[in-house]
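Biologist: I should like a close look at how the helices pack in this structure. Please take the packed pairs in turn and follow the residues that connect them to other parts of the chain.

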Amino acid sequence: MHEPALRAAAFGGDPLPDPVVTRRARTSRERLLAAVVLGAQGRYAAAASLLGPLRRERDPLHASLAASTLAAHRRQLGGHREARALDGEALARAVTLGTEPDPDGLDAAGARADALLGLAADNLALGRLGAARRLAARAAEQRAGWRACVRGGWVGAEIELAAGQGAAAVPHAERAFETAVARGARRHATKSGIVLAVALLAAGAPDHRKISDGLVGNAMATAEECELLSLLWPAALVMADLRPGHAEEYRFRVAEVLHAVLRSADPCGRRVAGESPWVPVPGG
């Protein structure tokens, strides 16, 4: 039974488990958690090989969570249109679900929140700010626990940043960061630190550059230590802006990491990254 170790990797304080744990995932829940871990490491092809069969399962909960997880991986590579279709699939599977509560939101409310927040992020990237706000508000109504709170903070901050409201983004980002840290969710705290740093910069808060530099520096260190490649290259991009004197070094690191990520991506992942205006594909 590898579920405790996989939960610690996906949602807790141990984002870099023994590789044997992910290889030996057997149950639907274990395979879902393993896919989350693999995606965080930028190993998108391996994650997709687990998520495809899960999407076709009769169990609507795991099918929904698998679709929203794959959507998140597509979104991380700039494939927002592909992600929107997957998030819509996830919501359709989850809309009538009723399950026992799960501590990490792997339940009915969590599945609906995941799908709605994914759709909010997809619509935001596609320029539909009003739709993104409405979907984020619907996700908050699910009261889905700590993970939805963190992800809702990310999306809420991104909505305000897109609207040019840097100061309004800060409370959302702070809530995400504080919730993730309190939960001991190291991967979520790492991403939350990046989001908070960007929000503080946009808001022009006192000492914002110094605080943001510390947040992103810590995020980069954790991402390097835990091999969270999906977070390492965005952190390095932000650091290039924060430390212009070393920008070329950080951009070189971005190129290195993305090269490794794209080598480990499935064909769809490589395609959407190559087409995306958001992803600085090496050599593109």
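Modeller: What follows is an account of three helix pairs and of several residues in or beside them. The model is predicted, and the description should be read on that footing. Two packed helices are described by the angle between their axes and the distance between the axes.

The account begins with helix H1 (residues 3–11) and helix H3 (residues 28–40), whose axes come within 9 Å and cross at roughly 30°. Angles under 35 degrees count as roughly parallel, so H1 is roughly parallel to H3. The crossing in which H1 passes H3 is left-handed. On the H1 side, the contact is made by Glu3, Leu6, Arg7, Ala9, Ala10 and Phe11, while H3 contributes Arg29, Glu30, Leu33, Ala34, Val36 and Val37. Of the residues in this contact of H1 with H3, eight are nonpolar and four are charged, with no polar residue among them.

Phe11 also leads away from this pair. The model holds one aromatic pair. In that pair, the ring centres of Phe11 and Trp146 are 6.4 Å apart and the ring planes stand at 80°, so the arrangement is edge-to-face; planes over 60 degrees apart fall in that class. The two residues belong to distant parts of the chain, with Phe11 in helix H1 and Trp146 in helix H9 (residues 146–162), a separation of 135 residues. Both Phe11 and Trp146 are buried.

Trp146 brings the account to H9, which packs with helix H10 (residues 166–183): their axes come within 8 Å and cross at roughly 160°. That angle makes H9 roughly antiparallel to H10, and the crossing of H9 and H10 is left-handed. From H9, the contact draws on Trp146, Cys149, Val150, Gly152, Gly153, Trp154, Gly156, Ala157, Glu160 and Leu161; from H10, it draws on Gly166, Ala168, Ala169, His172, Ala173, Arg175, Ala176, Thr179, Ala180 and Arg183. The contact of H9 with H10 comprises 11 nonpolar, six polar and three charged residues. Trp146 thus takes part in this contact as well as in the aromatic pair with Phe11.

The remaining pair is helix H5 (residues 60–76) with helix H6 (residues 80–94), which pack at an angle of about 165° with their axes 8 Å apart. H5 is therefore roughly antiparallel to H6. The crossing of H5 and H6 is left-handed. Pro60, Ala63, Ser64, Ala67, Ser68, Leu70, Ala71, Arg74 and Arg75 of H5 meet His80, Ala83, Leu86, Asp87, Glu89, Ala90, Arg93 and Ala94 of H6. By class, the residues of the contact of H5 with H6 divide into nine nonpolar, three polar and five charged.

Within H5, Arg75 merits separate mention. Its relative accessible area is 14%, so Arg75 counts as buried. Leaving aside residues up to four places away in sequence, Arg75 touches His80, Ala83, Asp87, Gly118, Ala121, Asp122 and Arg151. Among these, His80, Ala83 and Asp87 are also listed in the H6 side of the helix contact.

One further approach concerns Gly78. The C-alpha atoms of Gly78 and Glu275 are 8.0 Å apart in space, although the two residues are 197 apart in sequence. Glu275 lies in helix H15 (residues 267–275). With a relative accessibility of 55%, Glu275 counts as exposed, whereas Arg75 is buried.

Notes: Residues are numbered from 1 along each chain as its sequence is written. This is a predicted model: local features need pLDDT of at least 70, side-chain atom pairs count only at pLDDT 80 or more; totals for chains, interfaces and linings use all residues. Side-chain values use heavy atoms; hydrogens and water are left out. Axes are lines fitted to C-alpha atoms, for helices over the stretch in contact, and angles run from 0 to 180 degrees between N-to-C directions. Helices (H or I, at least four residues) and strands (E, at least two) are DSSP runs, numbered from the N terminus. Angles under 35 degrees count as roughly parallel, over 145 as roughly antiparallel, 65 to 115 as roughly perpendicular and the rest as oblique. A crossing is left-handed if the near helix is turned anticlockwise from the far one by less than a right angle, and right-handed if clockwise. Contact means heavy atoms within 4.5 Å. Ala, Val, Leu, Ile, Met, Phe, Trp, Tyr, Cys and Pro count as nonpolar, Asp, Glu, Lys and Arg as charged, and the others, Gly among them, as polar. Rings of Phe, Tyr and Trp (its six-membered ring) pair if their centres lie within 6.5 Å; planes under 30 degrees apart count as stacked, over 60 as edge-to-face and the rest as tilted. Buried means under 20% relative accessible area, exposed over 50%, partly exposed in between (1.4 Å probe, protein chains only).
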